[in-house]
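Here's a quick walk through a chain, starting with its charged pairs and working outwards from there. Have the structure open and follow along.

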Amino acid sequence: MLCNICKEKEATVHLTKVEGDKMHKVDLCEACSKENNVNAPVGGSLSSLFHGLGGAESTDRPLGTEKCPACGFSHADFKKTGRFGCPECYDAFAPNLDGLLRTMHRDVQHVGKTPGSQKGVAAREKLKNLEKRLQDAIDKEDFEKAAELRDEIGALKAQLKKPADEKS
């Protein structure tokens, strides 16, 4: 996503402002966020940024008036806080949830992150599993399967030997 101001750099700062039944979004790169004092307390500079920026996304649709039957939390409350009021809210707002999650997290399923020191652990575990399956295939004299596993092991070993900056 590109910066709404310079339209050149990747946006790293994402601001959302809810006014009444409208939501305004601004995405900024690091340089433009510093130029506009985004780190300053919410006040005049941020307000003028939201209102004066033509490239910002503005939604004219109402935020929704439906409420959770269990806790009374509304769709607008969720948009303001970024949190649901109770577990039943997930069912109550399910039709709109996928779009919101994609906007907030780029996907609807959490995939997590692997620390740099642990990246090779999963590959080495997979290699160990493949080598065991290769031995089983040889013991059963299933040489076609053994050949497939041998090739897969070779490719995985080659990938493990690559420097980190060459891996994709």
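How many salt bridges does the count come to? In this predicted model, the number is three. Let's take them one by one.

Start with K157 and E131, whose closest N and O atoms sit 3.7 Å apart in a salt bridge. K157 belongs to helix α7 and E131 to helix α6, so this pair ties together parts that are 26 residues apart in sequence. Neither end is hidden away: K157 is partly exposed at 37% relative accessibility, and E131 is partly exposed too, with a relative accessible area of 35%.

Next up are K132 and D136, whose side chains meet in a salt bridge with an N to O distance of 3.4 Å. Here both partners are in helix α6, four residues apart, which means about one helical turn separates them. K132 counts as exposed at 53% relative accessibility. That value sits just on the exposed side because the cut-off for exposed is over 50%. D136, with a relative accessible area of 33%, is partly exposed.

The remaining pair is D151 and R150, with 3.0 Å from N to O. D151 is partly exposed, at 47% relative accessibility.

Now for charges that come together with their own kind. Which residues form the negative surface patch? Look for D142, E144, E148 and E152. D142 is found in the loop between α6, which covers 119–139, and α7, which covers 143–161. So how buried or exposed is D142? D142 is partly exposed, at 37% relative accessible area, and it can be part of a patch because patch residues need over 30% and no salt bridge.

Let's step back to the whole chain. Its secondary structure comes to seven helices and three strands. Reading from the N terminus, the elements go β-β-α-α-β-α-α-α-α-α. The chain has 168 residues, and 26% of them count as buried.

Back at the front of that run, helix α1 spans residues 30–35 and includes E30. E30 is partly exposed, at 48% relative accessibility. Its C-alpha atom is 8.6 Å from that of K9, although the two residues are 21 apart along the chain.

Finally, the cysteines. A disulfide is a covalent bond between the sulfur atoms of two cysteines. How many disulfides does the count come to? The answer is zero, and two cysteines show why. Take C32: the closest cysteine sulfur to its own is the one in C29, at 3.6 Å, too far for a bond. The cut-off is within 2.5 Å, so a pair at that separation doesn't qualify. C32 is buried, with a relative accessible area of 6%.

C86 tells a similar story. The closest cysteine sulfur to that of C86 belongs to C71, and at 3.6 Å it's again too far for a bond. C86 is buried as well, at 14% relative accessibility. Both values put these cysteines in the buried class because the cut-off there is under 20%.

Key. Residues are numbered from 1 along each chain as its sequence is written. This is a predicted model: local features need pLDDT of at least 70, side-chain atom pairs count only at pLDDT 80 or more; totals for chains, interfaces and linings use all residues. Side-chain values use heavy atoms; hydrogens and water are left out. Buried means under 20% relative accessible area, exposed over 50%, partly exposed in between (1.4 Å probe, protein chains only). Patches are made of residues with over 30% relative accessible area and no salt bridge: like charges are joined within 9 Å, nonpolar side chains (Val, Leu, Ile, Met, Phe, Trp, Tyr) within 5 Å. Accessible areas come from the Shrake-Rupley method with a 1.4 Å probe; for residues, only the protein chains shown count as cover. A salt bridge is a side-chain nitrogen of Lys or Arg within 4 Å of a carboxyl oxygen of Asp or Glu. Lys and Arg count as positive and Asp and Glu as negative; His and the chain ends are not counted. The place of a charge is taken as NZ of Lys, CZ of Arg, CG of Asp or CD of Glu. Helices (H or I, at least four residues) and strands (E, at least two) are DSSP runs, numbered from the N terminus.
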